[in-house]
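Work through the exercises below with the model open beside you. Each task is followed by a stepwise solution.

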Amino acid sequence: MHGTENVIPTHDTTGAHRIRRATRRRGAAIYVLTLMVAMLVTGTAGTLLAMQMANRRLHRNVSGARQAELFARGGVEWALAKYQSDIAWRSTAVSGAITRVTPEPGAFVDTALTDVDGDFTDDDTEAAVVTVAADVDGAVFKMSASLDPQPHETLARAIYATGKVSVLSATTVRGPVHASGGFSNFASINTSNDASFTTYPSGTVFGIIPKLQYVDSVEPFPAPGSGYYTVRATPLTSVGITFDLIGVSLSETFNTTGGLVNPEGVYHINAGNRAVNIQNVFLRGTLIITNIGPNSVTIGGRGCRFERGTAGYPTLLVYGGSGDLMINPGGGLDESVEGYDVNQDGDVVDVLPSGIFGAMWTDRFLTTLGGTDVTYQGSIIARWVVISGSVTIDDDPALAGLLVPSFTDNKLHLRRGSIREVSP
């Protein structure tokens, strides 16, 4: 007889292990995933923070760079204002010297002006370069610009007188005339071309002055320094009670006095406190007269013709505050009468009308412009001017645009298109 067997059930341990292992794997995966997410979030946050800080630095740098650029441009404008308002700057400025301005805390602007040869006083026709370096919290911007002088406005006038202009005989005027002290007309004035007359409201006027205008101001013309020209000049000599220069021709290629030829056509009369007598002279270049004392200077004879030389320098410079300058030549230089080739062109058949062409300056008390059919063309700069004889007063547009040493406006002007950024 078979009895009933008690069977003890056996647990399926293999399945349970599988479940436990799967559970552990899922937990580990979740942990790893959580850790990765946490790391990703932390890394992203760090990256975002770093990016934010970088952006702030970038913004600060860009802002500083922009400020530096604006400060640099302001430095150029400051330099222009400085060298246009102070006409004596050449005597005080030092080439390459730095002027520092601090517009705000953490920022500074350095400005330097340089001359081509490091000397602002030797030639006022030379250009200059301004360099500006601006620094804003380490952001640097550097600029440079070229600055040029310009001809003095007086070169555009046929006559510029710091005193009066008096007209004693019939005169033809073909260019602008200015007299700070006014005008006196005792004859007739024929005008043509761009003739005009200006004076200050305080100037006195006698007689009829055509095309007269009253002006509040004109650009003053300082006395040109003699050193620039005398150092280049060839001295002329004369013996006797007066300094006589008679019957000679002077230029950059000839000197019929027997002395040295000046390659720039610049000649110097040191009068030695004597009167100066110039007759029948042809000049193509520059004649300087100094050390006259109270004595007179007379330019006359049968004829005298002074022309501007190829160097472009002034034609006549007469230094000496007292005494008179009398220009009163005859009709001209006839080579057949003079007996030699006056203008050295290879023949003796020319007739050269009298005249003074180019820039003429003097500080003599009285300057007389006279003569027979004499032309004064260019710019005559003097104190009190008397016009007599049959003369023509004319300006020279070519001279008005010419840079002549000691005849500039003593200012600096921005050269168009020259502003540029340079490497710090």
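Helices (H or I, at least four residues) and strands (E, at least two) are DSSP runs, numbered from the N terminus. The model is predicted: local features need pLDDT of at least 70, side-chain atom pairs count only at pLDDT 80 or more, and totals for chains, interfaces and linings use all residues. Residues are numbered from 1 along each chain as its sequence is written, and side-chain values use heavy atoms, with hydrogens and water left out.

**Exercise 1. Backbone outliers**

Task: Locate Asn291 and state its phi and its exposure.

Solution:
- Step 1. Asn291 belongs to the loop between strand S20 (286-290) and strand S21 (297-300).
- Step 2. Its phi is positive, about 55°, although Asn291 is not a glycine.
- Step 3. Apply the accessibility classes: buried is under 20% relative accessible area, exposed is over 50%, and partly exposed is in between (1.4 Å probe, protein chains only). Asn291 has 41%, so it is partly exposed.
- Step 4. Now take Asp137. Its phi is also positive, about 50°, and Asp137 is not a glycine. Asp137 sits in the loop between S3 and strand S4 (139-148). Its relative accessibility is 65%, so Asp137 counts as exposed.

**Exercise 2. The open sheet**

Task: Give the strand order of the nine-stranded open sheet, then its edges and twist.

Solution:
- Step 1. Fix the criterion: two strands pair if DSSP finds at least two bridges between them.
- Step 2. The order is S12-S9-S6-S30-S28-S24-S21-S18-S15, with parallel pairing.
- Step 3. The edges are strand S12 (204-206) and strand S15 (243-246), each of which pairs on one side only.
- Step 4. From one strand to the next, the twist averages 10°. Here axes are lines fitted to C-alpha atoms, for helices over the stretch in contact, and angles run from 0 to 180 degrees between N-to-C directions.
- Step 5. Check one pairing. Strand S24 (residues 324-327) and strand S28 (residues 366-369) run parallel and are joined by four bridges. Met326 has Thr368 of S28 as its bridge partner.

**Exercise 3. Pairings of S29**

Task: Find how many bridges join S29 to S5, to S27 and to S31.

Solution:
- Step 1. Strand S5 (residues 159-161) runs parallel to strand S29 (residues 372-382), with three bridges. Tyr160 is opposite Ile381 in S29.
- Step 2. Strand S27 (residues 355-362) pairs with S29 in the parallel sense over seven bridges. Ile356 is opposite Tyr376 in S29.
- Step 3. Strand S31 (residues 390-394) pairs with S29 in the parallel sense over five bridges. Thr372 is opposite Ser390 in S31.

**Exercise 4. Aromatic rings**

Task: Classify the ring pairs Trp89 with Phe120 and Phe186 with Phe206.

Solution:
- Step 1. Set the cut-offs. Rings of Phe, Tyr and Trp (its six-membered ring) pair if their centres lie within 6.5 Å; planes under 30 degrees apart count as stacked, over 60 as edge-to-face and the rest as tilted.
- Step 2. The structure holds eleven aromatic pairs. In one of them, Trp89 and Phe120 have ring centres 5.1 Å apart and planes at 70°, so the pair is edge-to-face.
- Step 3. Place the two residues. Trp89 is in the loop between helix H1 (13-85) and strand S1 (98-104), and Phe120 is in the loop between strand S2 (107-115) and strand S3 (128-136), 31 residues apart. Both Trp89 and Phe120 are buried.
- Step 4. Phe186 and Phe206 form a tilted pair, with 5.2 Å centre to centre and 35° between the planes. Phe186 lies in the loop between strand S9 (182-185) and strand S10 (189-191), and Phe206 lies in strand S12, 20 residues apart.
- Step 5. Phe186 has 53% relative accessibility, so it counts as exposed. Phe206 has 46%, so it counts as partly exposed.
- Step 6. Ring pairs also link Tyr83, Trp89 and Phe120 into a cluster.

**Exercise 5. Internal space**

Task: What lines the largest cavity?

Solution:
- Step 1. On a 1 Å grid over the protein atoms alone, a cavity is a set of points where a 1.4 Å probe fits but cannot get out; lining residues have an atom within 4 Å of a point.
- Step 2. The largest cavity holds about 30 Å³ of space.
- Step 3. Its lining is Ile159, Val165, Val167, Val173, Val177, Phe197, Ile387 and Ile393.

Methods. On a 1 Å grid over the protein atoms alone, a cavity is a set of points where a 1.4 Å probe fits but cannot get out, and a pocket is an open set with protein on both sides within 12 Å along at least five of seven lines; lining residues have an atom within 4 Å of a point. Grid points are joined across faces, edges and corners, and a volume is the space filled by probe spheres set on the points.
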